[in-house]
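Here are my notes on the two-chain model you asked me to look over. Have the structure open while you read, since I go through it piece by piece.

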Amino acid sequence: MKQPFLDVKKISKTFHPGRDVQVQALVDISLTFNRGEFVVIYGPSGSGKTTLLNIMGGLDSPTAGDVLLDGERITGVEEKRLSRLRRDHIGFVFQAYNLIPVLTARENIEYVMQLQGRSRSECDHRTREVAEKLAIAELLDKLPGEMSGGQQQRVAVARAVASRPKLILADEPTANLDSKSAEGLMDMMQALNEDEGITIIFSSHDPLVIGKAKHSILLKDGQVAADEFPG
Amino acid sequence: MFFKIAVRNIFAYSKRSIITVLLLSCTTALLVFSTAYMDGSHGRMIQSSVEIYPGYVQITHKGFRDNPSLENLIFDAGKVRASLKDFPGIAVLTPRFESFVLFSSEEKAVGGMFTGIDPEKEMHVSRLAASLKQGSYLTSNDDAQVYMGRELAKRLKVGVGDQVTFVGTGADYSFAADTLTVKGIFQTGLFDFDSRASFVAKPYFDRMMAAKNIATHFIVQPADPSQAEALAAAIGQRLGPEYESASWQQTMAGLVQAMRVDSIFGYITLGIIFIVIFFVVMIFTLLVVYARVREIGILRAVGTGPGQIFSMLLLESVLLGLVSVVLGGLIGGSFAYYFHINPIVFTSFEEQFKQYGLAMTAMPTDFAPLIILRDMAVMFVLSVSATLYPIFKVNAFKPIEAIHHV
């Protein structure tokens, strides 16, 4: 039997915001994703989308359950190994862009590649390549503070893509963008998914964005309410 | 890349950087100058105390220092002189004969120290000649002329040109007495010394006290005073077990101890300042680093390892520390150099200084580049170590906690 690319097994997550207060963010979630998929996780606010993405990306640990990326367990492993795993296999796009403020767009894009130890020329070549695909070539020498939200988010996507990760996790990447920028960004991400074969999983509650996915998962109250393949 | 981020963060958080650099460079300058002042004043104190009269190296017959009696005199001063002729490291070698007599003037009788010296050589081993206040200094040809301390003269109520008689015991236990004319009056600033010391030319002393070729001790002026200890040891070896050769560190052990105690108190004061600065820098860094937790979370999220984050933050602290100590070292060093060339003058504290054996009011700092570098290194280690706890603390955040940190 073929092993799924990303295997989420019986994940639960409980937060304890205060003494004797607990919030069950995810309840016994199991999902499988194949390589090269373009997936949306949607649902109302507080349904657990961000928590699920964080756990799938190794940024947070589940209270129970396991996540396997390409057969490798990413839950319950030590932070140093997890950092390497995120560096080499997972790209992140955050709702608030989260670029490194003191680095230019070019340096932000090259950052992960440099962490991976890629050569100067390889970094340059790859940066130019993704910058052209995401139409940010003219922004490469600008600092994040000198760019609009849409431009920053495209740089953030370029940073996530440049290191050729196996998986990109995008948490509401269009939430802070106007509809035109949002659609443009989603088209670019879709193109990257098709051109480079990167598995992209993103969360959203924007119907326009949700409609672009080929695999959609509806979360409600921390549980999977629907798992469909509309495309 | 980490270096680039560290440097840019230093400029991006310019307020933090400026305050840290100011704080650390001022402390470094303070440390460098305090050490230079402390070492300078101790050096001057030692120089002053040693050079007023005791000398850098003292040669005595074995047992004289513990029991300064007539049995323990150097009975063949010529032999000592001959043994040390052309001895490397000796600039001047001169004998002294110290005895105690009863002085009497028309009005008073006072006990005092009566010492035979070689006036010309004595000028190179002590400050007696330089301490002249009235009259004139001695010469070898002076017969029945005395050079006495100002306080002793006061007690005897005599001045230059007046006569005093002395009664004492010669080296052969004979009775010695004569009438002396006061040729000069000196004041070293050491009250006790000035109130009991008197000097006559050695040829006269030898005749009166039956002390020809006899001395209580020799004083050696080293070519390099900083090598006094080594020279004393070498002289001791040359002269053999019959004699004792002691450097000023041994003959003035009390002064050395006092310097040590003063240094300890000085360093305790500096230590308290350092502890305060350490915690100020630590708390300040903690506040600043906490303001950057989210940024650190982003770096962690995209794959930067905890060790790399640690290195990057440490690099920032190292760079700030380096700039601070270099700046502080230059400032403190410049002050130390300036006051080394132009000593600080404490005119109004003259009397207090004299009580501590300082016959001078100008206090130069000690400009020693190696000591300055040592102080800079201490401050650098202190500044970097003050940032370790905040770095560990912020690095302990999970990436997701850090990203959502407010």
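1. Let's start in the middle of a small sheet in chain A, bearing in mind that this is a predicted model. L68(A) stands opposite R73(A), which belongs to β5(A). L68(A) itself sits in β4(A), where it is also the residue opposite D7(A). So that's a handy residue to click on if you want to find your way around this part of chain A.

2. The strands behind those pairs are easy to trace. β4(A) and strand β5 of chain A (residues 72-73) run antiparallel, with 2 bridges between them. Strand β1 (residues 6-18) of chain A pairs with strand β4 (residues 64-69) of chain A, again in the antiparallel sense, this time over 5 bridges.

3. Have a look at the turn linking β4(A) and β5(A). The two strands make a hairpin with 2 residues between them, and D70(A) in that turn has a positive phi of about 55°.

4. How many bridges pair β1(A) with β2(A)? There are 8, and the sense is antiparallel. For a landmark there, find F15(A), which stands opposite V23(A) in β2(A).

5. Put together, these pieces give an open sheet of 4 strands in chain A, in the order β2-β1-β4-β5, with antiparallel pairing. Its edge strands are β2 (21-33) and β5 of chain A, each of which pairs on one side only.

6. Chain A has another open sheet, with 6 strands in the order β6-β7-β8-β3-β9-β10 and mixed pairing. At its edges you'll find β6 (90-93) and β10 (223-228) of chain A, each pairing on one side only. From one strand to the next, the twist averages 15°.

7. Inside the mixed sheet, strand β3 (residues 38-42) and strand β9 (residues 215-220) of chain A pair in the parallel sense over 4 bridges. Y42(A) stands opposite L218(A) in β9(A), if you want a pair to display.

8. Which strands of the mixed sheet does α1(A) touch? The helix packs on that sheet against β3, β7 (167-171), β8 (199-204) and β9 of chain A, and its direction makes about 155° with that of β8(A). Helix α1 (residues 49-56) of chain A also lies across β1, β2 and β4 of chain A, running at about 120° to β1(A). It's worth colouring this helix separately when you make a figure.

9. Now for where the chains meet. The contact takes 18 residues from chain A and 17 residues from chain B. On the chain A side, α2 (79-89) and α3 (105-115) each supply at least two residues. The largest share of that side, 5 residues, comes from α2(A). By class, the chain A side that touches chain B divides into 9 nonpolar, 4 polar and 5 charged residues.

10. Over to chain B. The domain assignment splits this chain into domain 1 (2-50 + 255-403) and domain 2 (56-250). Note that domain 1 is listed as two segments. The C-alpha centres of the two domains of chain B lie 49 Å apart.

11. How do α2(B) and α10(B) pack? Helix α2 (residues 14-52) and helix α10 (residues 253-290) of chain B pack at an angle of about 180°, and their axes are 11 Å apart. With the cut-off for roughly antiparallel being over 145 degrees, α2(B) and α10(B) therefore count as roughly antiparallel to each other. Their contact has 15 nonpolar, 7 polar and 2 charged residues.

12. Some strand pairing in chain B is worth a look too. Strand β2 (residues 90-104) and strand β6 (residues 163-169) of chain B run antiparallel and are joined by 3 bridges. Within that pairing, L102(B) has V167(B) in β6(B) as its bridge partner.

13. β6(B) is also joined to strand β7 (residues 175-186) of chain B, by 7 bridges and again antiparallel. Here G168(B) stands opposite A176(B) in β7(B). β6(B) and β7(B) form a hairpin with 5 residues between them, and Y173(B) in the turn has a positive phi of about 70°.

14. Last, the confidence scores. Chain B has a mean pLDDT of 88, with 96% of its residues at 70 or more. The model scores ipTM 0.85 and pTM 0.71. Where pLDDT is low, the predicted coordinates should not be read in detail.

Conventions
Residues are numbered from 1 along each chain as its sequence is written. Chains are lettered from A and ligands numbered from 1 in the order in which they are written. This is a predicted model: local features need pLDDT of at least 70, side-chain atom pairs count only at pLDDT 80 or more; totals for chains, interfaces and linings use all residues. Domain bounds come from an automatic or database domain assignment. Two residues are in contact if their C-beta atoms, placed from the backbone, lie within 7 Å. Ala, Val, Leu, Ile, Met, Phe, Trp, Tyr, Cys and Pro count as nonpolar, Asp, Glu, Lys and Arg as charged, and the others, Gly among them, as polar. pLDDT is the predictor's confidence in each residue, from 0 to 100. Two strands pair if DSSP finds at least two bridges between them. Axes are lines fitted to C-alpha atoms, for helices over the stretch in contact, and angles run from 0 to 180 degrees between N-to-C directions. Angles under 35 degrees count as roughly parallel, over 145 as roughly antiparallel, 65 to 115 as roughly perpendicular and the rest as oblique.
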